[in-house]
Amino acid sequence: MSAALAGLAPHAARLAAARIPDLVAADSERAARALRVGPLYANFARQKTDAEAAAALTALAREADVAGALRALVDGAMVNPSERRPALHTALRSDLGDSDTARDAHAQAVAARARMLELIAELEASEVTDIVNVGIGGSDLGPRLVVDALGDVATGRFRVHFLSNVDGSAAQRLIRELDPARTAVVLVSKSFGTQETLLNGRILKDWLGGGERLYAVSANVPKAEAFGVAAERVLPMWDWVGGRYSLWSAVGFAIALAIGSDGFERLLAGAASMDAHVLEAPLEENLPVQHALHVIWNRNGLGYPTHAVLPYDERLALLPAYLQQLVMESLGKRVARDGSAIDHATVPVLWGGAGTNSQHSFFQALHQGTDVIPCDFIGTAVPAHDYADNHRALLANLLAQTEAFANGADVDDPQKVYPGGRPSTLILLETLSPESLGALIAMYEHSVYVQSVLWGINAFDQWGVELGKKIAGELLPALESGEGAQLDPVTAALIVEIRRRG
Ligand code: F6P
């Protein structure tokens with residue numbers, strides 16, 4: 001694989017100093033060439049590639065049998081070998097898997113959704129006005145993003161809140177606003193062993209005064225029941241769905257409570273359309289594949305260390321935070337699937353923020369800093385408000401920034417030179433709807449998987465998060481008593497300082 005990535009080097013050498021406007025001018029169709037997939041439009045014209053580099057990248061995908069790998073994913077092959085599991089998030093929304101494993105997963109997902117809809121109907125018929133989703137990582141970020149993004153289509157029946165951080169201030173601040181008699185709490189944890197969720201869950205269970213309005217979503221049903229959630233209020237999850245890929249399951253309970261069961265089905269339908277596309281479209285026209293190839297190009301070809309996601313839509317302000325987990329927990333790996341060392345870079349640091357606010361904070365570094373930072377700009381053509389002047393200004397800024405990044409500006413004063421050559425992809429949604437958001441998120445999921453195939457790594461495990469959890473568990477007694485066997489000397493000194501102040 002790394003030999004194949006090394007094959008990008010001559011193209012990178014040819015293009016490293018190329019000017020993006022010259023690349024655009026060299027091909028009369030390039031500016032308007034785009035991929036259109038359902039509600040998504042994606043334009044890669046301002047990436048630093050030419051026809052030869054694009055062909056080399058697509059050849060890379062062909063040689064790595066990306067199409068076969070995508071089929072294997074959807075069919076439920078064991079794509080997560082270190083945990084000996086498939087990753088069947090596609091079965092949560094599509095019936096495209098051609099195996100008993102995938103069909104069985106889909107049937108379980110449909111049954112769980114039916115059960116979730118019954119619980120929603122019960123809650124809708126109750127006095128409950130507020131829902132608190134208690135979870136962290138994949139049990140928080142996806143539902144939080146979608147609920148925030150789709151506020152315009154919310155039914156308005158419930159106010160939905162999220163509690164994730166183990167910092168007690170978060171719980172304290174939240175429950176100050178709420179009435180326990182009118183609040184239902186959903187504990188979302190695939191493992192039901194996550195420290196943050198269990199501690200916050202205990203606070204909220206006590207605050208509710210019992211388990212009557214306590215719900216859970218978990219792959220560990222016995223643990224949820226042992227915690228005090230009645231069996232009939234526990235919705236299932238499965239080990240064949242990764243936490244960061246799980247918003248389409250009952251982990252999306254909060255989403256369905258916010259936007260209704262129809263809205264939730266529309267979200268799944270949007271993702272399902274992307275599943276069909278990624279399986280069927282030729283590599284050259286395959287949006288997640290092309291997105292992934294441009295990430296690979298910027299990382300391994302041109303050597304750029306980070307990647308920014310810049311939604312020009314306030315409703316997608318949480319998208320960068322969501323993608324940080326999806327992308328960096330999936331692709332932050334340094335060994336191959338079989339455990340052997342790899343000799344090429346993997347995930348770029350993903351970061352970002354909503355425009356236009358970001359223009360007034362970190363864009364200076366994007367324009368004139370010493371690192372080139374490739375960007376995904378995401379915009380919405382039709383807004384859901386009536387402030388036409390604002391929307392025109394938003395789009396003008398989006399277009400201006402992509403142009404300035406790519407083309408730069410040469411002036412006499414070195415302080416005022418914009419070097420340009422900052423590549424970006426523009427993704428445009430017609431409107432922000434459940435369908436388009438579902439398609440957008442699924443696009444990123446598939447892009448991540450394709451990147452993992454090209455890098456030869458496992459996108460579905462996350463062993464790197466375990467060490468800190470283990471050490472934190474061991475430090476709890478030392479923080480309480482000041483004593484702990486074999487403490488690291490720096491940690492021991494810090495504990496002394498903390499305890500002196502506490
Ligand atoms: O610590 C990382 C992680 O395991 C994530 O992968 C996961 O999304 C999150 O913790 C929460 O896990 P759970 O849903 O099991 O509480």
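These are a few questions and answers about a predicted model.

User: What is the strand order of the open six-stranded sheet, and which strands stand at its edges?
Analyst: Pairing in this open sheet is mixed, and the order is β1-β2-β11-β10-β8-β9. A strand with a single partner has one side left without a neighbour in the sheet, so the edges are β1 (35-37) and β9 (349-352).

User: By how much are neighbouring strands of that sheet turned against each other on average?
Analyst: Direction is ignored for this one, and the sheet in question is the open one of six strands. Averaged over its neighbouring strands, the turn is 20°.

User: Do β8 and β9 run parallel or antiparallel, and which residue in β9 stands opposite Thr306?
Analyst: Strand β8 covers residues 306-312, and four bridges join it to β9, with the two running parallel. Opposite Thr306, in β9, is Val349.

User: Which strands does helix α12 touch, and what angle does its direction make with that of β1?
Analyst: α12 (residues 287-301) packs on the sheet, where it touches β1, β2 (40-43), β8 and β11 (424-429). Its direction and that of β1 make an angle of about 135°.

User: And what angle does helix α16 make with β2?
Analyst: α16 takes in residues 434-455 and also packs on the sheet, touching β1, β2 and β11. Relative to the direction of β2, its own direction makes about 45°.

User: How far apart are the end C-alpha atoms of α12, and how many of its residues are buried?
Analyst: At 1.5 Å a residue, the 15 residues should span 21 Å, and the end C-alpha atoms agree with that at 20 Å apart. The helix is mostly covered, too. Gly303, with a positive phi near 80°, follows it. The buried count for α12 is 15 of 15 residues.

User: Where does UniProt place the "active site" feature, and how far apart do those positions get in space?
Analyst: The entry is unreviewed, and it puts the feature at Glu329, His360 and Lys469. They spread over 141 residues of sequence, and in space the distance between C-alpha atoms goes up to 36.6 Å.

User: Of Glu329 and Lys469, which is buried and which is exposed?
Analyst: Glu329 is found in helix α13 (residues 319-331) and touches Arg244 and Gln462, not counting residues up to four places away in sequence. It has 22 other C-beta atoms within 10 Å, so it is buried. Lys469, in helix α17, has 12 C-beta neighbours inside 10 Å, so it counts as exposed.

User: Is Ala459 buried or exposed, and how far is its C-alpha atom from that of Arg337?
Analyst: Ala459 sits in the loop between α16 and α17 (466-481), and its 28 C-beta neighbours inside 10 Å make it buried. Beyond four places in sequence, its contacts are Ser330, Leu331, Val448, Tyr449 and Ser452. Arg337 is 122 residues away along the chain, but the C-alpha separation is 9.2 Å.

User: What are the phi values of Arg84 and Phe192, and which of the two is buried?
Analyst: Neither is a glycine, yet phi is positive in both: near 50° for Arg84 and about 55° for Phe192. Arg84, in the loop between α5 (66-75) and α6 (100-124), is exposed because it has 8 other C-beta atoms within 10 Å. The loop between β5 (183-188) and α9 (195-208) holds Phe192. With 25 C-beta neighbours inside 10 Å, the buried residue is Phe192.

User: Which peptide bond is cis?
Analyst: Look in the loop between β9 and α14 (363-368), where Thr356 is found. Omega is near 10° for the bond from Gly355 to Thr356.

How values were computed:
Residues are numbered from 1 along each chain as its sequence is written. This is a predicted model: local features need pLDDT of at least 70, side-chain atom pairs count only at pLDDT 80 or more; totals for chains, interfaces and linings use all residues. Two strands pair if DSSP finds at least two bridges between them. Axes are lines fitted to C-alpha atoms, for helices over the stretch in contact, and angles run from 0 to 180 degrees between N-to-C directions. Two residues are in contact if their C-beta atoms, placed from the backbone, lie within 7 Å. A residue is buried if 20 or more other C-beta atoms lie within 10 Å of its own, exposed if 12 or fewer, and partly exposed in between; C-beta atoms are placed from the backbone. The expected span of a helix is 1.5 Å times one less than its number of residues. UniProt positions are given in the numbering used here, feature names are shortened, and annotations may be inferred rather than shown by experiment.
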